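Please open the model in a viewer and keep the sequence panel visible. The tour below proceeds by selections, each followed by a description of what is found there.

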Amino acid sequence: MSSAPPAPAATGSIAAEAARRRTFAIISHPDAGKTTLTEKLLLYAGALGGAEAGSVKARQGRREVTSDWMELEKRRGISVSSTVLRFEHAGTVFNLLDTPGHKDFSEDTLRVLSAVDAAVMLIDAAKGVEPQTLRLFEVARARRIPLLTFVNKYDRPGMEPLEVLDHLASVLDLEAIPLNWPVGLPGSFEGVIDRRTDLFHRFTRTSGGATIAPVEVLDAESAAGADEGAWATAREELELLDAVDEEFDDAAFRDGRATALFFGSAVSNFGVGPLLDALVAIAPAPAPRHEVDAAGEPNGVRELEAPFAGLVFKVQANMDPRHRDRIAFVRICSGRFERGMRVTNERTGRTLAMAHAHEVFGRERSLLEEGFPGDVVGVVGAQDLRVGDTLWLEEPARFPAIPSLAPEFFMFVRNGDVSRYKQFRRGLEQLDEEGVVHVLRREAAGDPVPVLAGVGRLQFDVAVNRMEHEFNAAVRLEEAPWTVARRTEPEDVPTVREATGAEVLVRADGTHLAVFRSEFVLQRLERDHPEITLDRLLTR
Ligand code: GDP
């Protein structure tokens, strides 16, 4: 992987450039094989620059705080970045956005999913849909993101293919449309039948899965001769399927009602090529994006060909110890991005030069000279940018706010050293803006102790760690009594406060959060006051 700046590209029209982009994420439960699959997608795309994919080793006691890609970097010694992996294959530009694996960071994933056009749901053939997969799937479904499902680890015993279909239907209420069908039981996986062409792709193992697995493509006749038993079973199953299953329903796939299903084994490279091909063939390219007006009401779309507009979906400070800075990640939604361009932040009305935009690819951040819808640029040092901000050129734009999950964990946070109060305050402000945690205050109670809130306790570990190491602040955390939260409106605050076991906290941006000691308190309030706003989703 070269760290040299990309050669000045001879690029086509904005529409043509957008059409050849695929911006996606992989959602999975830890250990399903996301790191391995990512690595193999790179191998198949020819993006490892001649390096062989190393065999993946067990990672014992690994903590999920860091990105899986950093882990990949360490293991492989190759350059992959922690937010977006960009690679080109056969004329298609892929932007693979990282999603944190741990459930405590599902908030981050929610934001990443607002910046992709498709997702690959990765499941372990033996374990099926696991809790984190389920959570992320629900977010993907709510956003109607087209899903390709990759049933991984087919080299080991697990669910048989028809069982997988039932499993997805019963657990996720999701129709799965297999685009390939495995030959051989899980554990003695031989290859897949491509349902479109009816050809059998027989896999061969390579040593440790380090190189692309040679595939023999056989037609029905030669395949039957090659392996009667497994082949015949697969054919029978397919006939069964053909009888109930219509043609691939593109509309259902595109709005996330049905998923395209693939079988494979990332570690042995089986089925990775077909998945990559499918991303090109069926995953949607960037499309015009919905806009809202100042009140958040729908307001048409931003056409791809309109002047530049982008959405800030992630803000991260000090991601690389060698570059101590703050990066805002912007997904380009329309127009052509050029380095140095001056854009307006719709929220503040202020302009900023995207002079420090980097293509975030590897540790050596090469400067991105030009970008198109679907691409992600990292804007360095823009202190002003927050998650959910829309940036535009020439014609104002405003994209819908990014939803976030109502927090479930709450801690009082106290300054541990009076002489370092400034550091304490600055740190909290920054963490709130980045969305690492929600920083809330009990404004009317005359109690200045801020409250940290999040969807998982690990968020607090990260917050404390960063407060201490980056901001040189001293903090003390203390359990707060609430367990549930809902967004509420300022006019409902007195009603909520009247309830025993309820309180209202306010975030710096003015969002009001009703917090409750128990689910029961919340339910009682909902029952007694159906007229008040108690919303599960927040926005940033
Ligand atoms: P992640 O936590 O989702 O990123 O998962 P990893 O890619 O780190 O994989 C977790 C474990 O599963 C590792 O030990 C991998 O070697 C193993 N693994 C990944 N893909 C496969 C596969 O296709 N077959 C088998 N048998 N093991 C796999």
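Of the 540 residues in the protein chain, 46% are buried. The model is a predicted one. With the whole chain shown as a cartoon, 14 helices and 32 strands can be traced. Contacts between residues 24 or more positions apart make up 71% of the contacts in the chain with a separation of 6 or more.

**The seven-stranded sheet**

Select the strands E1 to E6 together with E11. They belong to an open sheet of seven strands with mixed pairing, and the order across the sheet is E2-E3-E1-E4-E5-E11-E6. At its edges lie strand E2 (84–89) and strand E6 (175–178), each of which pairs on one side only. Neighbouring strands of this sheet are turned against each other by 30° on average, direction ignored.

Next, restrict the selection to residues 21–28 and 118–124. These are strands E1 and E4, which pair in the parallel sense over five bridges. To find one point of this pairing, label Phe24, whose bridge partner in E4 is Ala118.

Now add residues 131–142, which form helix H5. This helix lies across E1, E4 and strand E5 (147–152), and H5 runs at about 145° to E1.

**Two loops beside E5**

Move along the chain from H5 towards E5 and stop at Arg144, which lies in the loop between them. Most residues other than glycine have a negative phi. Arg144 is not a glycine, yet its phi is positive, at about 55°. Is Arg144 buried or exposed? Arg144 counts as exposed because it has 11 C-beta neighbours inside 10 Å, and the limit for exposed is 12 or fewer.

Then pass to Lys153, in the loop between E5 and helix H6 (161–172). Lys153 also has a positive phi, of about 65°, although it is not a glycine. Its surroundings can be judged by the count of C-beta atoms: Lys153 has 25 others within 10 Å and is therefore buried, since 20 or more suffice for that class.

**Helix H2 and its crossing with H10**

Select residues 34–45, the twelve residues of helix H2. From its first C-alpha to its last, H2 reaches 16 Å, close to the 16 Å expected at 1.5 Å a residue. Eleven of the twelve residues are buried, so H2 is largely enclosed by the rest of the structure. Among the buried residues are Lys34, Glu39 and Lys40, as well as Leu41, Leu42 and Leu43. Just after the helix, Gly46 takes a positive phi of about 75°.

Keep H2 displayed and add helix H10 (residues 272–281). How do the two axes lie? They come within 9 Å and cross at roughly 75°. H2 is therefore roughly perpendicular to H10. To display the contact, show side chains for Lys40, Leu41, Tyr44 and Ala45 of H2, and for Val272, Gly273 and Leu276 of H10. Sorted by class, this contact of H2 with H10 comprises five nonpolar, one polar and one charged residues.

**The four-stranded sheet**

Select strands E7 to E10. These four strands form an open sheet with antiparallel pairing, in the order E7-E8-E9-E10. Strand E7 (180–183) and strand E10 (215–218) are the edge strands, each pairing on one side only. From one strand to the next, the twist averages 25°.

Within this sheet, E7 pairs with strand E8 (residues 191–194) in the antiparallel sense over four bridges. Label Asn180 and Asp194 to see one position in this pairing: Asn180 stands opposite Asp194 in E8. Adding residues 228–244 brings helix H8 into view. H8 lies across E7 and E8 and runs at about 150° to E7.

**A last stop at Arg425**

Finally, select helix H11 (residues 421–434) and highlight Arg425 within this helix. Arg425 has 14 other C-beta atoms within 10 Å and is therefore partly exposed. Add Pro450, which is 25 residues from Arg425 along the chain. A distance drawn between the C-alpha atoms of Arg425 and Pro450 should read 10.0 Å.

Terms used. Residues are numbered from 1 along each chain as its sequence is written. This is a predicted model: local features need pLDDT of at least 70, side-chain atom pairs count only at pLDDT 80 or more; totals for chains, interfaces and linings use all residues. Two strands pair if DSSP finds at least two bridges between them. Axes are lines fitted to C-alpha atoms, for helices over the stretch in contact, and angles run from 0 to 180 degrees between N-to-C directions. Two residues are in contact if their C-beta atoms, placed from the backbone, lie within 7 Å. The expected span of a helix is 1.5 Å times one less than its number of residues. Angles under 35 degrees count as roughly parallel, over 145 as roughly antiparallel, 65 to 115 as roughly perpendicular and the rest as oblique. Ala, Val, Leu, Ile, Met, Phe, Trp, Tyr, Cys and Pro count as nonpolar, Asp, Glu, Lys and Arg as charged, and the others, Gly among them, as polar.
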